[in-house]
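Biologist: I'd like to learn how to read a ligand site and an interface. Can you walk me through one?

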Amino acid sequence: MAPPSAASSRGSHASVLILGAGFAGASLAWALKRWAPNLAVTVVAAPERYWTCPFSNTALLAPTDLGTLEVRYDAFSGAGAPTLIRARVRAVEPEHRALILEDGRRLTGDKLVLAPGIELATEAIDGYDDAAAARFPHAWEAGPESLRLAERLRAVPDGGLVVMTIPPNPYRCPPGPYERASLLAWWLQRHRPRTKLLLLDGKDRFTKDALFKAAWEARYPNLEWQGLSNGAGLRRVDGKTGLIETDFDRFSPDLGNVIPPQRAPALLRRAGLDGGQGWCPIEPTGFESPLAKDVHILGDAAIANPMPKSAFAANSQGKACAAALIADLAGVPRPDPILLNTCYSLVAPDAGIAVVGSYAVKGGRLESLAAGSGLSPSPSALGESVSTVRGAEAAHARGWYESIRVDAFREGGSRS
Amino acid sequence: MARRCLPWLALASLPLAAPLLALEPPSTVARWAAACNGCHGPEGRGSGAMPALRGQSADALAAKLQQWQDDPAAATAPGHVMARFAAILEPETLRALADHYGTAP
Ligand SMILES: Cc1cc2nc3c(=O)[nH]c(=O)nc-3n(C[C@H](O)[C@H](O)[C@H](O)COP(=O)(O)OP(=O)(O)OC[C@H]3O[C@@H](n4cnc5c(N)ncnc54)[C@H](O)[C@@H]3O)c2cc1C
């Protein structure tokens, strides 16, 4: 054990209060307990059950797998664990580093970290109401919604039409809609061979688009993608009649999967932490809010671009923030953050592609490192080995998912 | 740590500001290893198709990372992910990570 330095004495009784036990909040909590076991770490997460979004697209193909997505938080009751409080937070007071719980309790910490994920901005879609939400399940928060979408898929007749609407940037999991589309097309091809899948996209370019489009071209004649310039921008939905209207056209699909635009949860915006931008700005060495001292914001809710809103990025930010918080509390300079991302996507259950990013702080801003960033090779570069390589990356995607669940939530050996 | 042996009452009467254990930010290699373990499994012991790093020889691990650094053509799949991460490792970090996971020759 390293000898304590003079500067660090102040921090030993310090406390960190975290909102959210998703990929960002849970990763942060465990990294803190690992690197600073004496730090008091409290995590508040909503009482509802939590399912991981990663691999929820695959669960649409086999809904019985949905249960395997659930995180049970068993490790949080063990010795040396962060304290987990299952309660809904009603308000944030950044100036006091305080959380107000729904039952009236008020918690504070020397550091407050906010990682509550996203909120759906449904009012951005004309006509979106409860009927529309029920008719067009988004399944952009995994769980019962995913099950509903899987059930509705099975009710689609052969020769029918399935429509997905995809929001403009930024939103949770940039490649997620295209992975979902690939897997839906794969399922339809096998079970509803005459049914068409139409993607209506609120943008013209998307992450890994050349790789996705090459896979669709090779595999899925049943899938058609239309971008914003094709008039695919979403205008209006009608949950009662089942109508989906774009700039140029109207559709009455047998199944509509409308993925609404998103933003930081109201909790953070009401506290002024988004500076009116919808998402919360941060400074990248420690993900501290420029609007509130000792308040840090991680994961999907933060503006961390060029990092995407992914579970991988949230986990990486959690670890980087842990090191920064310990440095702050010890009164020493923050280390340069190590920030990485890899988004694996399945273009079929046995075929994966990846986008890799590495990031560094330059001039106070987060930038991509060119040498540490890139994509899976194109089919033309791979030639005959394309299916072997895509198969290997699908296996790596599953390996990553197993790792990250243990890493973020300290789930036991049962999955390994 | 010696304070842990004091009788409970003495411990309870310590002034709040007294440190039980000082805070020390994690080392560079500890922070990098935490990043690697996100794919390579707990303590780098592997996870499904993600290869185990722990238990391999340190020199073999270093050689593999070095090879990715030296040969950009190695950035072909499925090693393209690793080639990118290897590319941004400083030489001393690369060696420290190999020693962290690896066994002595
Ligand atoms: C279909 C789909 C597929 C995806 N696939 C991948 C993938 O393959 N790889 C990848 O890296 N990413 C993937 N993602 C993205 C990933 O799910 C998110 O980026 C990630 O969950 C963000 O983590 P977070 O901690 O910021 O938020 P979340 O995981 O949403 O966690 C939020 C936490 O905050 C809590 N919370 C929120 N509000 C309150 C409140 N008021 N009171 C108390 N607690 C509250 C919640 O209970 C929860 O614990 C996918 C997303 C989708 C939708």
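Biologist: Okay, which helices of chain A each supply at least two residues of the shell around the ligand?

Modeller: Ground rules before that. This is a predicted model, where local features need pLDDT of at least 70, side-chain atom pairs count only at pLDDT 80 or more, and totals for chains, interfaces and linings use all residues. Residues are numbered from 1 along each chain as its sequence is written, chains are lettered from A and ligands numbered from 1 in the order in which they are written, and side-chain values use heavy atoms, with hydrogens and water left out. Helices are DSSP runs (H or I, at least four residues), numbered from the N terminus. Here α1 (23-35), α2 (56-59) and α8 (311-330) of chain A do the job, and α8(A) gives the largest share, three residues.

Biologist: Which residues come nearest to the ligand?

Modeller: A residue is near if one of its heavy atoms lies within 4 Å of the molecule. There are 33 residues around the ligand, and Y50(A), V89(A), R172(A), D300(A) and F312(A) come nearest. By class, the shell has 21 nonpolar, seven polar and five charged residues; Gly is put with the polar ones in this scheme.

Biologist: Which polar backbone atom is 2.8 Å from a nitrogen atom of the ligand?

Modeller: A polar contact is a pair of N or O atoms within 3.5 Å. That backbone atom belongs to V89(A). Next to it in sequence, R88(A) has a polar side-chain atom 3.5 Å from a ligand nitrogen, and a polar backbone atom of A24(A) sits 2.9 Å from a ligand oxygen. Taken alone the ligand exposes 1000 Å², and the protein buries 93% of that (Shrake-Rupley method, 1.4 Å probe).

Biologist: What is the domain assignment of chain A?

Modeller: Bounds come from an automatic or database assignment. Chain A has domain 1 (11-118 + 264-409) and domain 2 (121-262), and each gives at least three residues to the ligand shell. Their centres, taken over C-alpha atoms, are 26 Å apart.

Biologist: And how many residues does each chain bring to the contact between chain A and chain B?

Modeller: The size of an interface is often given as the accessible area lost when the parts come together. Contact means heavy atoms within 4.5 Å, and buried area (1.4 Å probe) is summed over both parts. Chain A brings 55 residues and chain B 37 residues. Together they bury about 3600 Å², 69% of it on carbon and sulfur atoms. H13(A), W35(A) and I338(A) supply 17% of the area that chain A buries against chain B, more than any other three residues.

Key
A polar contact is a pair of N or O atoms within 3.5 Å; within protein, one must be able to donate a hydrogen and the other to accept it, and residues adjacent in sequence count only if both atoms are side-chain atoms. Buried area is the accessible area (1.4 Å probe) that two parts lose on being put together, summed over both.
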